[in-house]
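Let's take a walk through this model together, starting with how its copies relate and then turning to its charged side chains. Keep the viewer open as you read.

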Number of protein chains: 4
Amino acid sequence: MELGMVGLGRMGANMAQRLVQHGHRVVGFDPGPQAREQASQRGIDAVGSLDELVDALAAPRAIWLMVPAGETVDRTLAELRPRLAAGDVVIDGGNSYYQDTVRRAKELAVDGIAYVDCGTSGGVWGLAEGYSLMVGGDEAAVERLRPVFEALAPAPDRGWGRVGPSGAGHFTKMVHNGIEYGMMQAYAEGFAIMERKHEFGLDVARIAEIWRHGSVVRSWLLDLSANALQRNPTLDGIAPFVADSGEGRWTVAEAIALDVSAPVITLSLLERLRSREGDSFADKLLAAMRGEFGGHAIRHS
Amino acid sequence: MELGMVGLGRMGANMAQRLVQHGHRVVGFDPGPQAREQASQRGIDAVGSLDELVDALAAPRAIWLMVPAGETVDRTLAELRPRLAAGDVVIDGGNSYYQDTVRRAKELAVDGIAYVDCGTSGGVWGLAEGYSLMVGGDEAAVERLRPVFEALAPAPDRGWGRVGPSGAGHFTKMVHNGIEYGMMQAYAEGFAIMERKHEFGLDVARIAEIWRHGSVVRSWLLDLSANALQRNPTLDGIAPFVADSGEGRWTVAEAIALDVSAPVITLSLLERLRSREGDSFADKLLAAMRGEFGGHAIRHS
Amino acid sequence: MELGMVGLGRMGANMAQRLVQHGHRVVGFDPGPQAREQASQRGIDAVGSLDELVDALAAPRAIWLMVPAGETVDRTLAELRPRLAAGDVVIDGGNSYYQDTVRRAKELAVDGIAYVDCGTSGGVWGLAEGYSLMVGGDEAAVERLRPVFEALAPAPDRGWGRVGPSGAGHFTKMVHNGIEYGMMQAYAEGFAIMERKHEFGLDVARIAEIWRHGSVVRSWLLDLSANALQRNPTLDGIAPFVADSGEGRWTVAEAIALDVSAPVITLSLLERLRSREGDSFADKLLAAMRGEFGGHAIRHS
Amino acid sequence: MELGMVGLGRMGANMAQRLVQHGHRVVGFDPGPQAREQASQRGIDAVGSLDELVDALAAPRAIWLMVPAGETVDRTLAELRPRLAAGDVVIDGGNSYYQDTVRRAKELAVDGIAYVDCGTSGGVWGLAEGYSLMVGGDEAAVERLRPVFEALAPAPDRGWGRVGPSGAGHFTKMVHNGIEYGMMQAYAEGFAIMERKHEFGLDVARIAEIWRHGSVVRSWLLDLSANALQRNPTLDGIAPFVADSGEGRWTVAEAIALDVSAPVITLSLLERLRSREGDSFADKLLAAMRGEFGGHAIRHS
């Protein structure tokens with residue numbers, strides 16, 4: 001079928017290319033000439049404006065947004081909306097906050113435009129291996145997009161599915177990322193314990209590789225860890241500074257709002273905050289308190 | 001080559017069978033007649049005493065222990081030791097505490113007996129898919145056992161390796177299980193959040209299946225979760241009671257002993273304790289304290 | 001001086017009474033006739049409408065709100081605002097969310113009405129012992145209220161202070177409550193450990209009493225714990241069900257928003273959620289997963 | 001009565017002095033001449049050997065050990081034991097591991113020597129304010145020491161008590177210190193949140209002082225925090241490096257051994273480990289993993 005792709009960054013361009021490889025026609029818009037140039041070379045009909053994008057698609061249109069979550073989505077929708085017609089469908093494939101998605105779907109429904117949310121997992125490997133797609137929204141609209149999802153997923157009959165109404169896709173992806181935080185932290189702690197056990201001189205890169213085959217903890221994240229450790233077993237030159245996207249925070253907030261205790265996902269987020277704290281006021285106060293009550297020596301910085 | 005297997009329980013019998021399938025000869029001992037009978041049917045030369053086991057193997061012998069960690073290992077070694085000769089090698093393939101392993105290796109070295117520890121991961125799937133094997137001990141002894149490891153691993157050149165001296169294999173397996181706790185808890189929390197989000201009516205079994213293909217959180221543990229959820233999506237009839245083996249506790253203790261902060265692995269263990277507490281004194285005291293200071297109503301049981 | 005008190009519930013009535021005891025005149029409003037009746041007996045000029053309240057006070061007025069946080073505050077302000085004049089000051093002594101306070105202060109400033117937020121700690125003991133007051137808002141307005149704060153605090157020169165602009169008082173009280181969660185949980189865990197150590201037959205009520213005198217962990221919350229344990233050392237009949245007000249949640253959210261890792265305050269909140277979960281889906285899934293991968297027996301409920 | 005004090009360090013000398021002030025005779029031993037000199041000036045009969053100590057006391061003797069926990073206690077007991085007689089009592093007032101205490105009590109019982117363990121809280125303030133004393137051991141032996149405990153405690157009838165058999169005193173003190181960790185961490189986190197809220201410019205030293213009077217979180221540890229913050233509100237020059245004594249570790253291990261989930265005490269310990277980690281391998285691996293799967297930029301150190 002025919003699809004418009006708004007945003008030809010790495011994710012958008014890769015997904016568009018995978019669709020093209022599966023025989024779909026993709027008209028792609030990106031404000032950057034270089035992104036358009038590269039997209040053209042990958043078989044995408046690259047255009048320089050939303051007007052052109054909309055014009056190049058026959059109604060009823062399907063337009064996939066692959067733009068940064070937040071304001072950019074709202075701005076893009078504001079520009080798109082007057083150009084679209086009842087019966088069109090817009091898909092948000094990014095990491096939008098699910099409550100924003102619920103709101104946007106309601107707004108677009110006024111004009112008869114369907115709004116489908118698609119939590120997309122797979123990163124840069126998705127082009128080759130396919131993406132895992134968690135889809136939310138109106139059943140008929142999702143069904144209409146079936147060929148798109150079947151092409152993007154690792155296989156037509158697996159790795160994608162409608163999980164619920166508008167917002168459910170992004171909600172599911174949010175939780176997916178929360179789980180990812182917890183898994184990553186579990187591996188990181190385990191490898192740190194082994195790295196510290198100097199008496200055994202463990203080769204953690206080797207161990208990661210061993211675990212990849214047949215062990216209970218094998219996973220795609222372990223594959224990545226093994227890659228990273230193989231290239232740099234001592235992780236020299238990498239700062240112990242862990243960024244976090246919004247999804248972990250949302251998951252933590254959502255768990256609390258739902259009265260679900262999720263200590264591991266929560267602590268995984270907190271450890272990331274902690275990694276960036278540097279000179280912790282809390283720790284300084286603890287040191288100072290110890291100095292007060294017991295005459296414990298305070299190590300001065 | 002030729003191997004003695006002590007313990008023909010599920011793990012021991014499966015491993016022996018896999019060795020037999022790869023052309024090795026396995027003499028297996030188990031005190032239970034039924035275990036021996038079943039082993040015989042799987043191509044294992046089952047014998048009824050350690051004497052017979054030792055006699056059936058040509059020196060230098062290789063004897064693999066697959067018995068419960070702890071006292072049983074010490075008792076088995078006490079019985080085996082006088083029957084063995086210098087040059088023989090004993091492998092402990094169970095979940096022994098690594099410090100016990102270090103001690104045992106020293107004791108057996110007095111008699112010239114090599115002691116190799118092999119952390120074994122893979123569970124009941126190992127027979128078909130192969131085991132992940134983390135091996136500790138003397139290099140020459142490990143090298144001599146290479147055909148055994150190559151047969152047990154998923155492939156001859158992957159899924160097994162010597163990770164360090166005596167104890168290193170069991171240490172690595174211990175940490176592996178700690179990581180497993182963390183990963184399991186991360187999934188469990190994520191699915192619990194989704195299950196509680198009633199407004200979306202999420203089908204968690206379906207979501208697990210979607211994630212298995214192409215997502216960042218795909219893993220073997222997710223495959224298991226998907227299986228469990230598919231058979232019983234609401235988990236009806238399963239008590240929220242999570243047992244723990246010793247390995248999680250050891251990992252937590254080891255992390256603290258090494259001054260490594262491992263909050264996620266630690267909390268995963270604590271959540272298991274918590275799952276079994278029932279009527280928590282801590283929570284009752286919190287409720288009582290609230291009653292004291294604010295006149296908050298106490299819900300009486 | 002003269003003060004209006006809106007809300008003659010336990011906190012409002014106690015605070016009004018303490019002011020009266022210190023020679024101030026308090027006009028109190030409450031919609032409930034019984035609350036007014038009781039207030040009258042405690043020396044408060046109780047009135048049945050906001051109109052009467054405002055009329056009974058000479059301009060510039062000072063009116064203290066002691067009503068439930070949230071909507072009630074907004075509704076009360078909506079009713080009060082048209083009745084007030086420039087130069088009047090309204091104090092919110094409840095546990096309002098500090099961002100609501102910032103908003104309200106801005107709205108009232110349009111009419112020249114000062115809005116002072118006062119985080120109030122002390123509970124039912126405050127009447128006798130005085131309250132700890134964390135005050136936010138315009139310096140001149142706070143200064144004008146000095147006689148009120150000096151009377152409510154344990155002593156004129158201690159236990160109260162302006163901590164910053166509008167919202168700072170409620171922010172500080174919010175963090176105060178977060179700390180309270182952490183302290184309570186620390187005590188609860190410690191007593192639970194002692195209670196479980198059956199071999200020593202520890203009398204936890206006695207221990208709480210010993211600690212109250214001279215120990216490093218002595219505190220007012222320990223005094224409360226000792227009271228609770230003395231009356232009911234085994235906590236029989238108290239459900240292990242711990243409610244939480246909004247302040248703990250806000251503290252956790254604020255810490256994350258500020259990129260401050262606050263694991264103990266956070267876990268204290270999560271433990272309260274956990275205390276109310278009953279049949280945890282996460283724990284059931286963990287049990288089910290264990291059943292999958294190792295043939296571990298599942299305890300059926 | 002008459003008491004021997006082994007160890008005239010700060011704690012031992014202070015306690016001896018408090019006993020002297022209450023009319024008791026204290027013979028004190030310390031290997032250091034300076035410690036003996038200072039003790040003499042405080043009314044203690046200082047002697048230079050255990051022989052002299054034992055000789056200077058009439059049988060049945062009471063000898064209080066105030067020496068570092070661990071090996072020093074065993075060595076001191078080994079030296080004392082042949083010099084003592086049946087009917088003598090030895091008190092360990094230090095922070096010994098309770099299981100060591102149980103063992104030592106059994107060993108000394110062979111010779112008819114009573115061994116009393118006394119968990120001692122109060123630090124350098126104890127001299128003036130009295131100590132909180134958690135006593136374990138034989139009832140008759142404890143009763144015999146009543147005058148000593150009454151003098152050391154803040155008041156004869158409060159702040160001390162026999163809590164159980166041998167080991168129970170040190171067990172209780174261990175848990176006391178675990179609670180202390182949790183409380184300290186709760187305060188530290190709360191103050192760190194406030195310090196980070198730059199828009200309010202909160203004066204955390206002032207807030208600590210306000211809370212000391214009438215608030216729900218008032219405590220002796222808050223008094224210390226207020227002192228520390230008053231002297232150095234920004235904690236400049238204090239390294240965020242928090243030491244830990246063994247008691248927190250023992251509490252965590254004990255909780256797990258008892259199957260009690262104590263997340264706040266546990267996390268408080270882990271945060272101390274974390275404060276000393278510097279260049280966290282776990283965090284570096286997390287950063288590297290993120291680099292792998294999403295092309296997230298890695299900040300190089």
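The paragraphs below go from symmetry to salt bridges.

One thing to keep in mind from the start is that this is a predicted model. How do chain A and chain B relate to each other? A turn of 180° with a shift of 0.0 Å along the axis lays chain A on chain B, and the RMSD is 0.0 Å. The two copies are therefore related as by a two-fold rotation axis. If you want to find that axis from chain A, look for A:S219: its C-alpha is the one in chain A nearest the axis, at 1.9 Å. The contact surface follows the same pattern, since 99% of the contact residues of chain A recur in chain B, and the same surface serves both copies.

Now for the charges. Side chains of opposite charge can pair when their charged atoms come close. Over all chains, the structure holds 108 salt bridges. A few of them are worth a visit.

Begin in chain B, where B:E199 and B:K197 form a salt bridge with their closest N and O atoms 3.4 Å apart. Is each partner buried or exposed? B:E199 has a relative accessibility of 58%, so it counts as exposed because the cut-off for that class is over 50%. B:K197 has a relative accessible area of 4% and is therefore buried, as the limit there is under 20%.

Next, move to chain C. Here C:R25 pairs with C:D45, and the closest N and O atoms of this salt bridge are 3.0 Å apart. C:R25 sits in strand 2 (residues 25–29) and C:D45 in strand 3 (residues 45–47) of chain C, so the bridge ties together parts that are 20 residues apart in sequence. Both ends are partly exposed: C:R25 has a relative accessible area of 33%, and C:D45 has one of 34%.

Chain D offers another case, with the side chains of D:R212 and D:D223 meeting in a salt bridge at 2.8 Å, N to O. D:R212 belongs to the loop between helix 10 (204–211) and helix 11 (220–231) of chain D, while D:D223 is in helix 11; the pair links distant parts of the chain, eleven residues apart. D:R212 counts as partly exposed at 29% relative accessibility, and D:D223 is partly exposed too, with a relative accessible area of 23%.

Finally, return to chain A for a group of charged residues. A network of salt bridges links A:D74, A:D100, A:R103, A:R104 and A:E107.

How values were computed: Residues are numbered from 1 along each chain as its sequence is written. Chains are lettered from A and ligands numbered from 1 in the order in which they are written. This is a predicted model: local features need pLDDT of at least 70, side-chain atom pairs count only at pLDDT 80 or more; totals for chains, interfaces and linings use all residues. Side-chain values use heavy atoms; hydrogens and water are left out. Copies are superposed by least squares on the C-alpha atoms of residues with pLDDT of at least 70 in both. Contact means heavy atoms within 4.5 Å. A salt bridge is a side-chain nitrogen of Lys or Arg within 4 Å of a carboxyl oxygen of Asp or Glu. Buried means under 20% relative accessible area, exposed over 50%, partly exposed in between (1.4 Å probe, protein chains only). Helices (H or I, at least four residues) and strands (E, at least two) are DSSP runs, numbered from the N terminus.
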